[in-house]
Amino acid sequence: MPATRISAAFQQRFGYAPLVVRAPGRINLIGEHTDYNDGLVLPAAIDKEITFAVGLNGTDRVRLLAHDKDELHEVALADVRPGPVQWANYLLGVVAQLQQRGVAVPGFDCVFGGNVPMGAGLSSSAAVECGLAFALNELLGAGLDRLALAQLAQAAEHQYAGVQCGLMDQFASLFGRAGHVVQLDCRSLAYAYFPFEAARYHLVLCNSGVKHALASSEYNTRRQECAAGVAVLGRHYPTVASLRDATLPQLAAHRAELGEVVYRRCHYVVQENTRVAQACAALAAGDMVTVGQLLYASHAGLRDDYAVSCPELDKLVALATGRPGVLGARMMGGGFGGCTLNLVEAAHVTGFIESMAADFLAFYRRGLETYQTVIVGGVSTVAPGEAVA
Ligand code: GAF
């Protein structure tokens, strides 16, 4: 029971009672690399969570304890800036963003830890940022709403982790609803919940075990390539302010001017936005076969046009394809490693996991880590004694 463990560790280290907050990681059913293109995404918060114990300490210092690493990082509030301790940067980035918004952050203590696997593409970093932002907002009575907290956490990631991410991960962690995926329109910020029929279908994650060093640099490159595409299209079509506005015929008409790489990036994004809308319609109609087909199509686009997959992810999708009870599979998240998302009929989950693990072992000579997911609610406080994931 991590909440009790984290809270106890806080009391033991700092000697007073903290506020306890849980912050979930996320899956994304479909809509990858669309968030920073003003597009549509369809994520959900899952029962892989980070728990925070946070309290004001009456000093001008911040004391951060990463429980799972058993590492303490201490810094004066006047000295908050990005440093060499990566895990601390996510937290300090949140402090800096609060300060920039005029919130006077006093000294505080924070212990955090949980079961979101690191580097698996489940947005442990967003969970870390959102959990602390939520806790400090509560403790300080700063009055920021969930959207403001998500945007603040996103800005922390930009400035302290150097990843020019979109809003999806932070939004999912804060706005998740149990049993539902949430469609976010990243331009209007309108959102709508769609029930996910968990009794009949499960979302199973297969971890490629690959943590690609290029993930953040290539991510930022993709953003630039999309922006380059918009710059070309905007010269011909003044209504195109982002790839959300672009159409496939427009791309085809200017393929040479875009250049092959930029054309392919844009082609993927335009198609993926359409797939998200189609997936929402299929979900509403209870047509999970179509949802599954859209997952396969999304993977093909991410692999061939957007070029953010890797051999291990492609292999996992190939292994899942055609297996009993599997409706669809694709790589999930930013790419270059992390997990595949598999839509599997509930009755076949055990067989799916066992047979995938056996085939993965036979091919790569190493074990396959898999995670079964439950879709849960977004960041919240935890009452003393309350169980969390
Ligand atoms: C990462 C980013 F943080 C998200 O904003 C999103 O762009 C995702 O990659 C790809 O869909 O998780």
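## A tour from Asn-28 outward

Begin by selecting Asn-28, which, leaving aside residues up to four places away in sequence, touches Val-41, Leu-42, Pro-43, Met-168, Arg-330, Met-332 and Leu-341. The model on screen is a predicted one, and Asn-28 belongs to its strand S1. With a relative accessible area of 0%, Asn-28 is buried, because buried means under 20%. Show the polar atoms of the Asn-28 side chain next: one lies 2.9 Å from the backbone oxygen of Gly-31, and the backbone nitrogen of Leu-42 lies 3.3 Å from a polar atom of that side chain. Pro-43, already met among the contacts of Asn-28, is also the bridge partner of Asn-28 in S3.

**Along S1 to Arg-22**

Stay on strand S1, which spans residues 19–28, and move to Arg-22. Is Arg-22 buried or exposed? Its relative accessibility is 10%, so Arg-22 counts as buried. Two polar partners of the Arg-22 side chain are worth displaying: the backbone oxygen of Gly-378, reached at 2.9 Å, and the side chain of Ser-380, joined to that of Arg-22 by a polar contact of 2.8 Å.

**The six-stranded sheet**

Now colour the open sheet of six strands, whose order is S5-S4-S6-S3-S1-S13 and whose pairing is mixed. Strand S5 (71–76) and strand S13 (380–381) stand at its edges, and since each has a single partner strand, one side of each is left without a neighbour in the sheet. Inside this order, S1 pairs with strand S3, residues 43–56, in the antiparallel sense and over nine bridges. Add helix H3 (residues 124–140), which packs on the sheet and touches S1, S3, strand S6 (108–114) and S13, while its direction makes about 45° with that of S3. When following side chains along any of these strands, keep in mind that in a regular strand the side chains alternate between the two faces of the sheet.

**Helix H5 and the three-stranded sheet**

Select helix H5, residues 168–175, which lies across S1 and S3 and runs at about 125° to S1. Which other strands does H5 lie across? They are S2, S7 and S8, and the helix runs at about 65° to S8. Those three strands form an open sheet of their own, in the order S2-S7-S8 and with antiparallel pairing. Strand S2 (40–41) and strand S8 (191–195) are the edge strands here, each with a single partner strand, so one side of each is left without a neighbour in the sheet.

Zoom in on the two pairings of this sheet in turn. S2 is joined by two bridges to strand S7 (residues 180–185), the two running antiparallel, and Val-41 stands opposite Leu-184 in S7; Val-41 is also one of the residues that Asn-28 touches. S7 and S8 are joined by five bridges and likewise run antiparallel, with Gln-183 opposite Ala-192 in S8.

**Two residues with positive phi**

The hairpin of S7 and S8 has five residues between the strands, and there Leu-189 takes a positive phi near 65°, a positive value in a residue other than glycine. Leu-189 is partly exposed, with a relative accessible area of 22%.

Select Ala-307 next, in the loop between helix H10 (288–304) and H11. Its phi is positive as well, at about 55°, although Ala-307 is not a glycine, and its relative accessible area of 30% makes Ala-307 partly exposed.

**Where H11 meets H12**

From that loop, continue into helix H11 (residues 311–320) and display helix H12 (residues 349–364) with it: their axes come within 10 Å and cross at roughly 135°. That angle makes H11 oblique to H12, and the crossing is right-handed. To see the contact itself, show Pro-311, Glu-312, Lys-315, Leu-316, Leu-319 and Ala-320 on the H11 side, with Phe-352, Met-356, Asp-359, Phe-360, Phe-363 and Tyr-364 on the H12 side.

**Last stop: Val-232**

Finish on helix H6 (residues 215–236), where Val-232 is found. Val-232 is buried, its relative accessible area being 9%. Which residues does Val-232 touch, not counting those up to four places away in sequence? The contacts are Glu-257 and Leu-258. From C-alpha to C-alpha, Val-232 and Glu-257 are 7.5 Å apart in space, while 25 residues separate them in sequence.

Definitions and conventions: Residues numbered from 1 in each chain as written. Predicted model: local features only at pLDDT ≥ 70, side-chain atom pairs only at ≥ 80, totals over all residues. Heavy atoms only, no water. Helix = DSSP H or I, 4+ residues; strand = E, 2+ residues; numbered from the N terminus. Buried < 20%, exposed > 50% of the residue type's maximum accessible area, 1.4 Å probe, protein only. Polar contact = N/O pair within 3.5 Å; in protein donor to acceptor, adjacent residues only side chain to side chain. Pairing = 2+ DSSP bridges. Contact = heavy atoms within 4.5 Å. Axes fitted to C-alpha atoms, helices over the stretch in contact; angles between N-to-C directions. Parallel < 35°, antiparallel > 145°, perpendicular 65-115°, else oblique. Left-handed = near helix turned anticlockwise from the far one by under 90°.
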